[in-house]
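Work through the exercises below with the structure open. Try each task before reading its solution.

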Amino acid sequence: MSQQGYVAAPPYSQAQPGMGGYQGGFGAGPAQPLYGHYGGQPQAFTAPPTGIMKSPVSSAAGMPPPPLSSQYSPNIQQNGAHPQRYPAPPASSAYGQPAPSPYNSMASQAPPPTQQLTNQMSAMNMGNYAPGPMQSPPPPAMGQPPMPPGPQSPLMSPPQSPPATMAMGGPPMAGPSMAGPPMAGPPMAGPQMAGPPMAGMGRPFPGPPPPGPGGFQQPGPGAAGPLGYQQQAGPFGGPMTGPQPGMPGGFPGAPGGLAGPPQKKLDADSIPSITQVIGEDQERQGGQVYSTNVRGQVPPLVTTDFSVQDQGNASPRFMRCTTYTLPCTADLAKQCQVPLATIVKPFASLPKNETPLYVVNHGETGPIRCNRCKAYMCPYMQFIDGGRRFQCGFCNCVNEVPVHYFQHLDHMGRRVDFYERPELSLGSYEFAATLEYCKNNKTPNPPAYIFMIDVSYNNIKSGLVKLICEELKTLLENLPREEGTESSAIKVGFVTYNKILHFYNVKSALAQPQMMVVSDTAEMFVPLLDGFLVNYQESRAVIFNLLDQIPDMFADTSESETVFAPVIQAGVEAFKAAECSGKLFIFQSSMPTADAPGKLKNRDDKKLVNTEKEKTLFQPQKGVYEQLSKECVAQGCCVDLFLFPSQYVDLATMGDVPSHTGGSVYKYNNFQVETDGEHFLRDLRKDIQKSIGFDAVMRVRTSTGFRATDFFGAVYMNNTTDIEMAAVDCDKAVTVELKHDDTLSEESGALMQCALLYTTISGQRRLRVHNLSLNCSSQLMELYKSCETDSLINFFAKSAYRAILNQPLKNVREILVNQTAHMLACYRKNCANPSAASQLILPSAMKVLPVYMNSLMKSAPLVGSTELSTDERAHQRLSVMAMGVEDTQLLLYPRLIPLHNMDTSSEAPPAPVRCSEEGLTDAGMFLLENGHSMFLWLGQASPPDLIQSLFNVPSLSHLQGHMSSLPELDNPLSKKVRSIISEVQDKRPNSMKLQIVRQRDKPEMLFRQFLVEDKSLHGGASYMDFLTYVHREIRQLLT
Ligand SMILES: [Zn+2]
């Protein structure tokens, strides 16, 4: 995910004039020595026309990579950048120095034993095993809490809608519709409010950022003052003294200041509600067509069901922004501290009723580009001089129109072929790439998928190996294929492994598969070339034969140790040999402890939680895996990891390569075929069939005045501009931070072009182009009106999750709160009508930001609780780094759907209710899902007839534990509930395991942590407490 390591993430905060507020903030962007060309002199851009091509792999396996250029040296200051403000991210240095090469240094004692055996695979297998002692599987452990709750996105209200206004302690004042005098809230500065000073709080607002934590930078020694907030125990993310399950919404030791007696709760209905915001947007824009013809137009919410008509700007499915009106100057940006970012999901799936992207083929001449900035032909190019020249909308350079591309202009000055050319009239389209866009000027081979199955004791015993082999027989029939072709061009290969690797020759001419064993894992190589990667259709019979044999071959294994890095290395070597890109599907049961490169040891240490060293729990172990990531990306080798752990596996390290290669990590704790089999298979099926591109490089170009400075995603950065992705699938998104270089013009607005060069599943080289135009304004009001909270929270989540690699969690949480308060206070000060200070006034488009922010701070990676599993926290951190806006929205605000009183004849599922215990009823039944976890919650007073209809048992007490699906019963309620569940499963990128919990049963605790408006069991404020706290912060900022 985050490439902090690789991007220069280093330490320097960038010299962004005036953006001090959050620049340093979220891990300052990479140094950008190359950015001069935006709007700069023509010569500044020296890239050849193949501007976004990848350079060929320069370091052979085993050779240390050349040291990166000195631009990453911590001592160099770029652009007058500040000196290092916080320690370099751990990962970064790795690429700055020649990595130790484990593959080189561990000379093998003997030539790799390669055996080739035919027919008698089982026998051969025996021959290769040193019969080790039978090891019992590790004890089941880890009561891993599911992913933390996800929020739903808040909605942005239409620009004209009024800000939400609330008097804390009184009914909300939300705008005209909420008529009524603002309730004067109690003074917020009661004695109980006298918390320690808030960090950064003493400064006048707005003002220059304090030397201390103004962003995600480590407070220097000077910032040593008491950092108020997190010391206030309880509610705000600080560790609580203990779980207080009974106090949802209570105000334990609250930062107080609420009016009147502390017992007097605010009416929960009076504070902004995400479900309401979502419902209103659905009401207003649901079912409608959203045309992208207006610059700076704010799209419907991600949760709204709408269709898109591309009329010159990319669909919001491909690109969303934190705001659709950029402030004209860096000063304004700094003043409001609203992050400027775009979230790009280049391969987003489109619904069936929307047109797939057109492919423009200019033949041998390739796409038309601006000579200076290399932007691709797009609707922002202005044709002049009778159509003989065009002016680039990004850099203003005037270019000659090539003769073959000439066309006359109409009376509007528009080319007469405007509507016939997607690149002139649409926001998104593709170009067929010419050879100069291909590695070594050669057309790429189609990609390959290699299935690498850990056949050690655990996986055999659990039945997993058999399950995978059986499933592959059908799955391979459904490999992705190019539109209009009969079969998939993707080649397939198979490897099994434990401490050693077994490669299989499945050439179609063979009667039986052949196995080759490589036991020297220090010097990994692929023992066969011909017959390893094959066309599935041609080799079907041999592959079936192999899949039938694998479970039996290893049925008696006692080997419990595994390797991991050599498995990835083998995949990369295979792709190198075949000169192709592709994906590795690795099915691994345990931490790799066998003596081999990348061997890991248990470094889990709960004592580090809530200490300065907590960050080390999230940092991958350096060395082998960093080098592997680099090699994988250079070869276009994406790694998907399916983990089946029964104890700690150091996920932070094992997930490192997947998270830099556009891959995914899936985890099934204590896997059992009966209860988890279907869940895992759903994930596997979705993953294999995803639309995907390989060997990709993305570049974001912008019009003059601003630029892309930082990137968050499952990507790899070799330099400061090229976002490299071994693969990118329909669910992966890159969040791109934008900063000012100069003043932006209200008239010309701000333009962005994302160009993604990639290889299709059939081996075609293509360029996918997404264009988006934003407004610019010198009025902060315009910016606030055009904000999108869902996108904001995506940015905040990713930047915070990257920051925890380098900083204590409490700093990160504190920065989140401070920035939230700052953004809202700036609005209050500059945009809202004068009103009583006791009123909390929120910009309409951000009114639910506090709910999401609070949920983010309570999420497993940020919460700092020893009760959470380290692997689980690392897993969530990595997953979020690659998420798009839809996924972070849902993760941070789960959907809670009441099922007990729904109309079973209605098409639509019931409307979700707020994620709070207060919404639950003893006689109710609720479905909760956040894209990663799914619960069916049953109130203890659930009517017997409802239980009967759903489970076919007379009462709750008859329910069997560990059910993971509902029985198929022939009644309307059962059908309806199952159809809701299956619809949700289909929609989400990941499969969710259904967990059935009864009210007051122990497992209910798992469910409760997803009620994100309530106080968290692991420490973390209720929404109400948080809002109260933020309000107090705002008031302090305003005085
Ligand atoms: Zn240009």
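Helices (H or I, at least four residues) and strands (E, at least two) are DSSP runs, numbered from the N terminus. The model is predicted: local features need pLDDT of at least 70, side-chain atom pairs count only at pLDDT 80 or more, and totals for chains, interfaces and linings use all residues. Residues are numbered from 1 along each chain as its sequence is written, and side-chain values use heavy atoms, with hydrogens and water left out.

**Exercise 1. The zinc site**

Task: Find which residues coordinate the zinc ion, and work out why the arrangement counts as tetrahedral.

Solution:
- Step 1. Collect the donors, that is, N, O and S atoms within 2.8 Å of the metal (3.2 Å for Na, K and Ca); water is not among the atoms, so sites may look incomplete.
- Step 2. The SG atoms of Cys370, Cys373, Cys392 and Cys395 coordinate the zinc ion at 2.3 Å.
- Step 3. Read the spacing along the chain: C-x2-C-x18-C-x2-C.
- Step 4. One pair links distant parts of the chain, 19 residues apart. Cys373 sits in the loop between β8 (359-360) and β9 (382-384), and Cys392 in the loop between β10 (389-391) and β11 (398-400).
- Step 5. Check the angles. Four donors count as tetrahedral if all angles lie between 85 and 135 degrees. The 4 donor atoms here subtend 100 to 115 degrees, so the arrangement is tetrahedral. For reference, the ideal angle for four tetrahedral donors is 109.5 degrees.
- Step 6. Check burial (buried is under 20% relative accessible area, exposed over 50%, partly exposed in between; 1.4 Å probe, protein chains only). Cys373 and Cys392 are both buried.

**Exercise 2. The β8-β9 loop**

Task: Is Lys374 buried or exposed? How far apart are the C-alpha atoms of His362 and Phe431?

Solution:
- Step 1. Place Lys374: this residue is in the loop between β8 and β9.
- Step 2. Lys374 has a relative accessible area of 11%, so Lys374 is buried.
- Step 3. Look at the backbone. Most residues other than glycine have a negative phi. Phi of Lys374 is positive, near 70 degrees.
- Step 4. Move to His362, which lies in the loop between β8 and β9. His362 is buried because its relative accessible area is 15%.
- Step 5. His362 and Phe431 are 69 residues apart along the chain, and their C-alpha atoms are separated by 7.7 Å.

**Exercise 3. A second positive phi**

Task: Where does Asn670 lie, and what is its phi?

Solution:
- Step 1. Asn670 is in the loop between β20 (665-667) and α15 (673-689).
- Step 2. Its phi is near 45 degrees, a positive value in a residue other than glycine.
- Step 3. Asn670 has 28% relative accessibility, so Asn670 counts as partly exposed.

**Exercise 4. The sheet around β30**

Task: Give the strand order of the open sheet that holds β30, then describe how β30 pairs with β29 and with β31.

Solution:
- Step 1. Two strands pair if DSSP finds at least two bridges between them.
- Step 2. The open sheet has 4 strands in the order β29-β30-β31-β32, with mixed pairing. Its edge strands are β29 and β32 (994-998), each pairing on one side only.
- Step 3. β29 (residues 895-898) pairs antiparallel with β30 over 4 bridges. Leu896 stands opposite Leu928 in β30.
- Step 4. β30 and β31 (residues 934-938) run antiparallel and are joined by 5 bridges. Opposite pairs include Phe926 with Trp937 and Leu928 with Phe935.
- Step 5. β30 and β31 form a hairpin with 4 residues between them. Gly931 in the turn has a positive phi of about 90 degrees.
- Step 6. In β30 (residues 925-929), 5 of 5 residues are buried. Met925, Leu927 and Glu929 cover one side, Phe926 and Leu928 the other.

**Exercise 5. Two helices**

Task: What is the orientation of α12 relative to α13?

Solution:
- Step 1. Fit axes as lines to C-alpha atoms, for helices over the stretch in contact; angles run from 0 to 180 degrees between N-to-C directions.
- Step 2. The axes of α12 (residues 565-578) and α13 (residues 624-635) come within 10 Å and cross at roughly 20 degrees.
- Step 3. Angles under 35 degrees count as roughly parallel, over 145 as roughly antiparallel, 65 to 115 as roughly perpendicular and the rest as oblique. α12 and α13 are therefore roughly parallel.

Conventions. Four donors count as tetrahedral if all angles lie between 85 and 135 degrees; four count as square planar and six as octahedral if opposite donors are over 155 degrees apart and all others between 65 and 115; anything else is irregular.
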